[in-house]
Amino acid sequence: MGILEVKGVNKRFGGLKALDEVNIDVAEGTVHAIIGPNGAGKSTLLNCFVGRLEPDTGTVTFNGSSLLNRQPHEINQMGVSRVFQTPEIFGDLTLLENVMIPAFARRDGVFALDAWSRVAGAADIRDKAVAMLDDVGLASKAESVAAQLSRGDKRRLELAMCLVQDPKLLLLDEPTAGMARADTNRTIDLMKEIAKSGVTMVVIEHDMHVVFSLAERISVLAQGTVIVEDEPSKIKGNPKVQEAYLGGAHL
Amino acid sequence: MLGLDNRDMKLFIWVVCITVLAPFILNPFPAESELAQFNAGYPDLMQRFMIFGIFAIGFNILFGLTGYLSFGHAAFLGVGSYAGVWMLKLVSMNVIPAIIISVIVAGLFSLVVGYISLRRSGIYFSILTLAFAQMSFALAYSVLTPITNGETGLQLALDDPRILDSASSTGSIPPTNFFGIEMRDGFELALGPWEFVFNFGYYLCAVVMLVSFYLSMRIFRSPFGMMLRAIKTNQQRLRYTGKNPRPYNLAAFVISGMYAGLAGGLMVAMDPLAGAERMQWTASGEVVLMTILGGAGTLLGPMVGAGVIKYFENIFSKINDALLYEWFSAMPEGLQDVFVFLIHPFIGKGWHLTLGIMFMLVVIFLPGGVVEGGQRLAALFRRRRQSRETDGPAAVKDATPAE
Amino acid sequence: MDAIILQILNGLDKGSAYALIALGLTLIFGTLGVVNFAHGALFMLGAFCAVTLNALLKTSYETIDPNKLDFLGNPAKVETPYIVDWFGPEFGGAMIEWSVPLAILFAIPVMVLVGLVMERGLIKYFYSRPHADQILVTFGLAIVLQEIVKGFYGANPIPTPAPDALTGSFDFGVLLGFDPGSIIYPYWRLIYFLFAAIMIGGVFAFLRYTTFGMVVRAGMADRETVGILGINIDRRFTIMFAIAACVAGLAGVMYTPINSPNYHMGMDFLVLSFVVVVVGGMGSLPGAVAAGFLLGVLESFASMGVVLNVLPGINQIIIYLVAIIILLTRPRGLMGRKGVMEE
């Protein structure tokens, strides 16, 4: 039994069937990649995990409890963190603050009226945030404002924001999109380290180089359904996958 | 010290010194001189500096930190002052119970308004708060007349119960007091041609303002304040970070509503009268203006904005043509007329025109407000001095972050 | 029944004004993405165009008429408007008499000019600034405009009557088969409603059936794409701003006989018009118009004696109350689109 179980998930947008009986089982401590051509429903599926969308039918179970009908912040408090396709960070705040906020969120929960204590007094949180920034290679920029970062750095910052929460499950939506090759390789190394520390990861990715150097298991999504779920080595030669990517019969 | 870091402590000590010495600082011109009308060191105006300073500090906790623009904050001030006057009427002329009840009532009212309005964001939130304030304003004039005394405004009467006070023997309404110290009392000091007024009411306001300012500093520097700033920059992200923005917004809304109530309570403690016009949307607009003018999201800004606007309101509306002719008396007659003609629309009753223009100029050229402008200027000077000293390309320092 | 019809009719004129202002606000918001707090001031400027024209036409010179004596027994001074001298008493007199409708011709160029200057001189620089800044700078501008008008015309309302021929009332009661006199409606209010209907219809037709309108509508839906297509939308949006200013101004001109204009009428209408826009749904033109009439009529119903007996004071707050209820139940207003003014 996996840490994240998706069973019979359906989602319609008007006449469009975005997700059709999706079943995915993510084992604890593994890196599970979801790949598929554009419009296959990958991001829609991820949105169903974090409370942004509610599936029409089906169940999404994390660690034995359902993720459906929950607010995004509740899901996060259960140990699920997400990196978005376009980096979602606190643009006006410094990098350090960006990472301290999720650390506070992990420590204090959904809401804490700690208007009397001082940010400067929370040395443990600060140290943790600095260490995290160091891990992603942004320690030198800790005091600069996040909006000024390059796109690649923003992604790394967002990753740090998720990791500082010690998530049980990390969801990554195209973590290397738009990155230069060198940056991509650095990110792959970083994610390998994260994987080694035992965090379960679900990765959506277009870059097959990234997918095959990270994933232990791959689900291929096409037109809203999982056509294959297998180990990376067996995915490569699968005719169904080739058909899905190349348009099959049309060619 | 006091849980503030060095920089904040320095700022706080500066503010304490300025408020304590305000009667001196605001009266720089000898009492008989022509420039005496520029003096601001009389009790009524100084009290207003403090009261509107508190109002704006509170508003800044909501608008400056979370970015939620409320157009109805005057309603809380109004509700607070009605509650305060009732306390003075029913219980005691001591101002402390009145101020406390003002804060509590305004807090409860803002809890209700905030709970409903915060279900929406952006301009929808602004319109909801505006709608609540305008409703309060309209009701105060009509249905609630038994409580608010309608257009006349709520006043004290000789036959008020004042159950805690001993019966007044003088046959007039007793003045408001702080455990026996009358708010209107004070003493005057003449130093040569200079005259300074020290008013007890002002000092009560000053103490309350300083406490309010200190609390706002603590909020700014707390994890709570950091979450509020996070809401302003990316509410969505905060949600996916495991924080629920709604209670944070509501807490900020109620805190700022309580500040408004405090300001309303102090207002009636100084002058026991409450009218519905205090709740009108123009009054809400004024506090927005003060905060922006000074610098939203900065610690000092709202107070600076409140001071500038109240000062100019007072001084500009006092100047008249005769005074202008006096000032320009050194000029040839024709030129004198031209100058008076040019300046005339901006003074006296035209002060709102000056305000409008000032306001536009600030938003256009100084979007960060006066405080940020000052900081930029200071940074510029520092850089210039540095480059002169080193006589070469100096290391360009980042502008100091907003205080 | 007749009372209900009367209230609906009574609500129409205020509703028309709300609808016209809200329409302009929505046009500006939809095209330029600017929240214009000075829009009420444009309405007020329009009203004062009528006042100005009236004053201009009445500009007179004094002569002493030796044949008449005033009450002190001195020779009486007679004021003769220049216009009467130039065009003769009949035509000149008629022009003064019909100054409000004539002011439409006067207000169109003035308001277009005001709109152009405002957009090119100020609003243009605020396209990319936050909505809060836009609100604040236009709010400042509104204060400046109304103070200037106050400087010229003082703080008191200036009566600007409709032509005598149009001051009477129309008896709807007879028309609809009720007792005569049960539903009496002043002509001018009827004219105002028809005028508003024509203006609204005109704007919609313009947007619907002209190429220009089509581009503007496309721009309202997706500004970026239209820009990429190589169409100069900025210039069109400038023109759109001028049109919106014109609509507000003409609404003001025609409103003068209903309520004597004063310098703060713009602000009074602005607050309510904003509520109207939000109730209708930010960015939806039909929404703005529908909400304008809806709230105008509701306000009129709430002022009925029967209603006031049950719910005292309801007429003062009905609009805000409805706004709160609608916003809480329909987050985007009656006809709002997704993604407008949302973070």
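Biologist: Hi! How many residues of chain A are in contact with chain B, and how many of chain B with chain A?
Modeller: Hello! This is a predicted model, and in it 31 residues of chain A are in contact with 26 residues of chain B.

Biologist: Which elements of chain A give two or more residues to that side?
Modeller: Those are α2 (72-77) and α3 (95-108) of chain A. The most comes from α3(A), with six residues.

Biologist: And what is that side of chain A made of, by class?
Modeller: The side of chain A that touches chain B has 18 nonpolar residues, along with six polar and seven charged ones.

Biologist: Okay, on to chain C. How many residues does the contact between chain C and chain B take from each?
Modeller: There, 33 residues come from chain C and 34 from chain B. On the chain C side, α5 (131-153), α11 (265-280) and α14 (314-329) each supply at least two residues.

Biologist: Which of the elements has the largest share?
Modeller: That would be α5(C), with 13 residues. By class, the side of chain C that touches chain B divides into 24 nonpolar, five polar and four charged residues.

Biologist: Nice. What about the fold of chain C: how many helices and strands?
Modeller: Chain C has 14 helices and four strands.

Biologist: What radius of gyration does chain C have, and what would a compact globule have?
Modeller: Chain C has 22 Å, which agrees with the value near 20 Å for a compact globule of 343 residues. The C-alpha trace of chain C spans about 75 × 50 × 35 Å along its principal axes.

Biologist: Last one: what percentage of chain C is buried?
Modeller: Buried residues make up 47% of its 343 residues. Also, of the contacts in chain C with a separation of 6 or more, 73% join residues 24 or more positions apart.

Notes
Residues are numbered from 1 along each chain as its sequence is written. Chains are lettered from A and ligands numbered from 1 in the order in which they are written. This is a predicted model: local features need pLDDT of at least 70, side-chain atom pairs count only at pLDDT 80 or more; totals for chains, interfaces and linings use all residues. Two residues are in contact if their C-beta atoms, placed from the backbone, lie within 7 Å. Ala, Val, Leu, Ile, Met, Phe, Trp, Tyr, Cys and Pro count as nonpolar, Asp, Glu, Lys and Arg as charged, and the others, Gly among them, as polar. The radius of gyration is taken over C-alpha atoms; the globule rule is 2.2 Å times the number of residues to the power 0.38. A residue is buried if 20 or more other C-beta atoms lie within 10 Å of its own, exposed if 12 or fewer, and partly exposed in between; C-beta atoms are placed from the backbone.
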